[in-house]
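Biologist: I am new to this structure, and I would like a close look at a single part, the surroundings of the ligand. Please take the strands and other residues after that, and explain each term as you go.

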Amino acid sequence: MTQTALLPTDDVRDRFSKAMSAMYQAEVPQYGTLLELVERVNQETLSQQPELHRRLEAQGELARLSVERHGAIRVGTASELSMLRRLFAVMGMYPVGYYDLSEAGVPVHSTAFRPIEDEALARNPFRVFTSLLRLELIESEALRQRAEEILAKRDIFTAKVRELIEHHEAQGGLTSEEADQFVQEALETFRWHQDATVDLDTYHALHDEHRLIADVVCFKGPHINHLTPRTLDIDEAQRRMPEMGMNPKAVIEGPPRRKCPILLRQTSFKALEESIRFAGDAQGTHTARFGEIEQRGMALTPKGRALYDQLLNEGRKQTAGLDNDAHQAVMDKIFAAFPDNDEAIRQEQLAYFHYHLTDAGRAIKGSAEEDINALVKQGLVEAQPITYEDFLPVSAAGIFQSNLGGTQSEAYAANANRDAFEEALGAKVTDELSLYAERENASKAQVLASLKGTAL
Ligand code: OOG
Ligand code: NI
């Protein structure tokens, strides 16, 4: 029997992320404008900053830049979440990180489905931030039951996609033709529906409890609510949004502008009000979908993250109500306490780095030196920061809020429940910090082995 060639999961993900982007451009034309803006700003930034160009190229990130984006969805039940886990696995995307957003007044907890391996990330790092509604946080017993009943009746997956997922699991992959079919069928889960599954009264009752509950419960599926391309200069992109007809949120979330960017900075254009037909033929509107951009920097160690959190909290106390310029100026002063050059950050172990041999290092055979810092000093080894591939709960909450009207911010009593999330998911989420640490350690081991002449 001849074996049919299976398509690498990286290719399935690449095809899917492109198809998703095309679908969202057709659904939300402003997202297309946003892509144009980001593309233009990125080209300008690269030509103005040759050092950045060199660095991205050396890190293998230049090639992925034009395909790089993340999306977000919200689901209502454990079985929806666990089926999504299987669907994303077909594309080489696995649950990384646990985020509790209830603290920020959003009744969900979340993970990010994303690729994990260096090569997979370099090819296409497509990520989907996926939230599970926490019905247990709804106060009214009657409303909670009503929401559960509505959710129990829907199936967000096509029969064909279920079949293809099982097929992938049984034969360990999909052929190219099956992958194309899978992409088309999987897209159906993320598509927008103009028809709600409930009547207007039910929508309002759920909406009054929390806008997000109505968004999750009242529709046939978990429509993709935004897609986010990666920009190399978020300040410039934010500045230019209005002249291209977009209404940006007030401030850029996350750390201020720096020479050596850390973690993640994000901003978005506000959600659109869209007309919906409710059961019983009533017309109404729903506000859910928006566009977002982000600038990614280096992944921080627990020590770096603690410093970041401390400075961010100080900043939040001083920036309430400020416009973006004033907000950034305050943050800039506060973040002066966070070193802003790669070597100082590395020496203080605030971020994760990837080590590789320089040309001089490659010329050496049989060195017994094992001290990586000494090798860096000797110019034989170079360290490059590892890019942050994950999300920031505070920033995520800010994005949620600005698209929920910005007023519903009273917090639910903080109650992270990772165990319940993992039980719903049907798997453990991988700890994102351990992934960065592993990548750093593997690169060190590789460098030392090549210098010894015993290349791994
Ligand atoms: C997800 C918000 C989180 C981000 O970039 O932090 C997110 C949502 O609104 O469903 O996408
Ligand atoms: Ni986002």
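Modeller: What follows begins at the ligand and then moves to strands and single residues.

This is a predicted model, in which local features need pLDDT of at least 70 and side-chain atom pairs count only at pLDDT 80 or more, while totals for chains, interfaces and linings use all residues. Residues are numbered from 1 along each chain as its sequence is written, chains are lettered from A and ligands numbered from 1 in the order in which they are written, and side-chain values use heavy atoms, with hydrogens and water left out.

Around ligand 1 there are 11 residues, of which His-70, Arg-74, His-226, Gln-266 and Glu-292 come nearest; a residue is near a molecule if one of its heavy atoms lies within 4 Å of it. Oxygen atoms of ligand 1 have polar side-chain atoms beside them, from His-226 at 2.9 Å, from Glu-292 at 3.1 Å and from Asn-225 at 3.2 Å. On its own, ligand 1 has 320 Å² of accessible area, and the protein covers 100% of it (such areas come from the Shrake-Rupley method with a 1.4 Å probe, and for residues only the protein chains shown count as cover). Two or more residues of the shell come from each of β1 (69-75) and α18 (393-402), and β1 gives the most, with 3 residues. Helices (H or I, at least four residues) and strands (E, at least two) are DSSP runs, numbered from the N terminus. Sorted by class, the shell has 5 nonpolar, 4 polar and 2 charged residues, where Ala, Val, Leu, Ile, Met, Phe, Trp, Tyr, Cys and Pro count as nonpolar, Asp, Glu, Lys and Arg as charged, and the others, Gly among them, as polar.

Glu-292 also belongs to one face of strand β10, together with Glu-294 and Arg-296, while Gly-291, Ile-293 and Gln-295 form the other, and both faces are covered. Because 6 of the 6 residues of β10 (residues 291-296) are buried, the strand is largely enclosed by the rest of the structure; buried means under 20% relative accessible area, exposed over 50%, and partly exposed in between, with a 1.4 Å probe and protein chains only. Strand β7 (residues 264-269) pairs with β10 in the antiparallel sense over 6 bridges, and Phe-269 is placed opposite Gly-291 there; two strands pair if DSSP finds at least two bridges between them.

Arg-296 leads on to Glu-389, which sits in the loop between β12 (381-385) and α18. With a relative accessible area of 1%, Glu-389 is buried. Setting aside neighbours within four places in sequence, Glu-389 is in contact with several residues, among them Arg-64, Arg-114, Arg-296 and Arg-439, contact meaning heavy atoms within 4.5 Å. The side chains of Glu-389 and Arg-64 are joined by a polar contact of 3.1 Å, that is, a pair of N or O atoms within 3.5 Å, where within protein one must be able to donate a hydrogen and the other to accept it, and residues adjacent in sequence count only if both atoms are side-chain atoms. Arg-114 and Glu-389 are 275 residues apart in sequence, yet their C-alpha atoms are 8.4 Å apart in space.

Strand β9 (residues 283-287) has a covered face with Gly-284 and His-286, and an uncovered one with Gln-283, Thr-285 and Thr-287.
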